[in-house]
Every structure is written in C-alpha cells, then in structure tokens.
Amino acid sequence: MVMGKGAGPSALQVCQFLVLFLCLFPAATLQCKILKCNSEFWASTSRSGPEEEPCTALRAYNNCVRRTARNCRGDLAYHSAQHGIEDLMSQHNCSKEGPTTQPRARTPLPPVQPPPQPDIHVPSDGPEVCHYERSLPRDAAPPNYTHCGFFGDPHLRTFNDDFQTCKVEGAWPLIHNKYLSVQVTNTPVVPGSSATATSKLTIIFKNFQECVDQKMYHAETDELPAAFADGSKNGGDRHGANTLRVVEKVPGQHVEIQARYIGTTIVVRQVGRYLTFAVRMPEEVVNSVEDQDNQDLYLCLHGCPANQRIDFKTFRVRAAESHGLGRGRPGSPNPGFTYQSAMAKCKERLPVEDLYFQSCVFDLLSSGDINFTLAAYYAFEDVKMLHSNKDKYHLFEKDTMFNSATEKLGFSFVVLISLVVVQLWTDSCSICL
C-alpha cells in the first residue's frame, strides 16, 4: 500500500483498510497469530476518532506483529503486514519508540466488515458498464427500443405492437428475462362479470455486476410506493446504484422507475382503483430470456394465450347492435353506459378512434367505471413518451387484422409450397418409372 501525503482518506481509514485486507488472507495458520494482531488493530482504530494520532495504534500493531515472527516467517499475511506497517509509519513520520494503545477486551469480536462504500445518497454515475448505451461497442448500431403496455380491463400492447384484450384473472407474468421480472395480479371489476383489472404489480430487478443489488418494487390498489420494498430509492450499495432509481412523479398516482444500466424505463400509475403498466426496453434486453421452454406466458413478448383473449370486434358489434342496453359482456349487469354515451365520453379524452379509443369504450361498457377513460388516456400518453417510433403511436383495428392475415397467409404459403414440392416429386417419380 502506498499513500501520498496529500491523499484524502484519513490515516486511520487507510490502516483499517490494510488490516481488513490482511484479515481476508486465507494463508494464516493456527500457529501464526497474525490475524489476532490484525483484529486487535482493527478494534483499536474502530474506537478512535478520525482526528486521533495514528502512530500510537501503528506502534502497538508493529509490536504485536514482531511477537509473531517465530511462527509466521513463511506466512504471506505476516510479510504483507510487516511491509505495510513500515510504509505507513514512514508516511506519517512515526517513530518506533513511544506510547502504544492497548486493545480493550470485548465480546465477541465483530465479524470483519467490507471496505467502506460510497454514500449511496451521493449521486454517482458509476462505471460505464452501468450505462446501457455507453457499454455498447462504439461501432455498434443504435439500440432498437420497444414498448409494452398493460392497462384497463385489461388491454395489452406487446413489444411487437400487437394489441389484445384479455381475461387473465389472477397472477400473470408480463416480463421474465435475465435482468428483471414483472408480474401482475388481475381481479374482477364487477361481480358476475369476467371483466378484470390490475390490482397488484410486482417488479424484481436482479443483481447486475457492480451496478445494482437485487431490488423488488411492489404496488397495489391505494399503495403506490415511492421506493423499493426495502425502503431504498436506488440500486443499493454498489458503485452504479444510482443507475436504478424510483422517481415519484405524482404522489400516490404516478411512479417512474429508471433502470439505465439496462436502458429501461418503467411507468406505473394508479388510475381509479387499478394500476397501469408501461415500459420502454431495448430489444436486446427484451429477448434475453433464460429458459426458452418457459417463455410462453411472457405476455409482453408473446401476448395472452389464445384461450384468454377476447374478441374485441365481435363485442363492439354486439354492443352497437344493442343500441346501448350497455350490458357489456354476456352475463354482466347493466353498468350504466350505452354504446353511444361510452363513445361520447371516450371522445373527450381520445379524439382519434384508434384501439385506445376502442378499449376505452369497451371498458366503460364492461364495467361502468368512468376511471377507465383516464386509464386509456394515460396509456396512450405513456406510448408517446416511451415508444421510439412516432408513426406507431396509434394502432388501428386494420393493423391487427393485417398482422393476423399476414400470419395466416404465411402459413398458407408454406402449405402451398409443400403441395407443389410433393406434386413435382410425384411427377418426377412417374417419369422415372
């Protein structure tokens, strides 16, 4: 260890760090008592204030080390301590003669603590690996950011810009990859109806290199915290802790979680009695799945299972034909909105008749809860903030129909090609015969 005279840390801090380093050496044997000297010095300096003269502690430490010489001559920790003490005494102009501190009895000896970490409340950008874009190779193409949203009764916009309306009552995973997991719990909105909405949300950020500790964020109806579950607002004690932060935008209504180390931003809102979720995430992170066999229920990536999807178009047609009896889904009670009044109410916030507008109408007819108008509105506002392609802010029914038709066309094309190949093979065999 070398320490210049103008260095910032106090002598006692340097000494403590030296002893900690030596205590961690596994080479010491039972015969060599160097670890006892280290522990006594640690205890002595821990009790001292930063203003105390370090030479007395160093002299006591030196005397103890000298007494172990017979049994420790071949021990690496002994020689490291010996050279370290000489260096520190020289740095601080300590004489070998003079008063020494005596270790006080204490029971039991506290476990060795890690080196002091930076104050987590002091802003720190941390190493470059903790900034997603900075960690990319210089010649790499700019990352492609994707968006997923989950809101209302509930409606899902996947990372592939598919728009679905789902049942999904109970707990379901929205995201599950190498870096984080997101799970929602949906509960019935109206007794006797299959309408559900999100009442709980749990996000787990996993340990990541020297950047962040594992952190959990949990929200539920009427409890939208401005901190992680352990009370902290950042990623913990590591050097890049501030690349993961919880930022309260509107108390009890709007929280933003910034995870710069993976280039991700998450927005959680409470609208009425239910939660909404929106995320902006690099495509690389989206696809960083750990177990391909268990990814079918990663809703933001694969969408809701087919048996959990609601035929949005059929529902709307039936609601329009009923001229506003407003019964919503079959079997649900009259929630108080007609098709026309629901259209008018949603038009106030969502003037473009896209799928966000249609989802607003759907929710009013299904639940009668006017707060779902705001849920659709804020979901679209989050799209404008988080989606990287402004041409895809709005989604229309023809877009989803086109995606579905494309999938069917692709399958039909494969079948057609297969039939042609079989026919050619059959004809060639006939000629050969």
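Two strands are taken to pair if DSSP finds at least two bridges between them. On this basis the predicted model contains an open sheet of four strands in the order β4-β5-β6-β7, with antiparallel pairing. The edge strands of this sheet are β4 (170-176) and β7, each of which pairs on one side only. From one strand to the next, the twist averages 20 degrees. In general, the strands of a sheet pair through backbone hydrogen bonds, in either a parallel or an antiparallel manner.

Within the sheet, strand β5 (residues 180-188) and β6 run antiparallel and are joined by nine bridges. Q183 has T202 in β6 as its bridge partner. Towards β7 (residues 215-220), β6 forms six bridges, and these two strands likewise run antiparallel. Two of the positions on β6 can be followed to β7: L201 stands opposite A219, and T202 stands opposite H218. T202 is thus placed opposite H218 in β7 and is also the bridge partner of Q183.

The burial of β6 (residues 196-205) was examined next. Of its 10 residues, eight are buried, so the strand is largely enclosed by the rest of the structure. For the protein chain as a whole, buried residues account for 45% of the 433 residues.

The protein chain has 13 helices and 11 strands. Among its contacts between residues at least 6 apart in sequence, 59% join residues at least 24 apart.

A helix pair was also characterised. Two packed helices are described by the angle between their axes and the distance between the axes. The axes of helix α10 (residues 339-349) and helix α12 (residues 371-386) come within 9 Å and cross at roughly 40 degrees. This crossing makes α10 oblique to α12, because angles under 35 degrees count as roughly parallel and those from 65 to 115 as roughly perpendicular. The crossing of α10 past α12 is right-handed. On the α10 side, the contact is made by K345, C346 and R349; on the α12 side, T373, L374 and Y377 take part. By residue class, the contact of α10 with α12 comprises three nonpolar, one polar and two charged residues.

Technical notes
Residues numbered from 1 in each chain as written. Predicted model: local features only at pLDDT ≥ 70, side-chain atom pairs only at ≥ 80, totals over all residues. Heavy atoms only, no water. Axes fitted to C-alpha atoms, helices over the stretch in contact; angles between N-to-C directions. Parallel < 35°, antiparallel > 145°, perpendicular 65-115°, else oblique. Left-handed = near helix turned anticlockwise from the far one by under 90°. Contact = heavy atoms within 4.5 Å. Nonpolar A, V, L, I, M, F, W, Y, C, P; charged D, E, K, R; others polar. Buried < 20%, exposed > 50% of the residue type's maximum accessible area, 1.4 Å probe, protein only.
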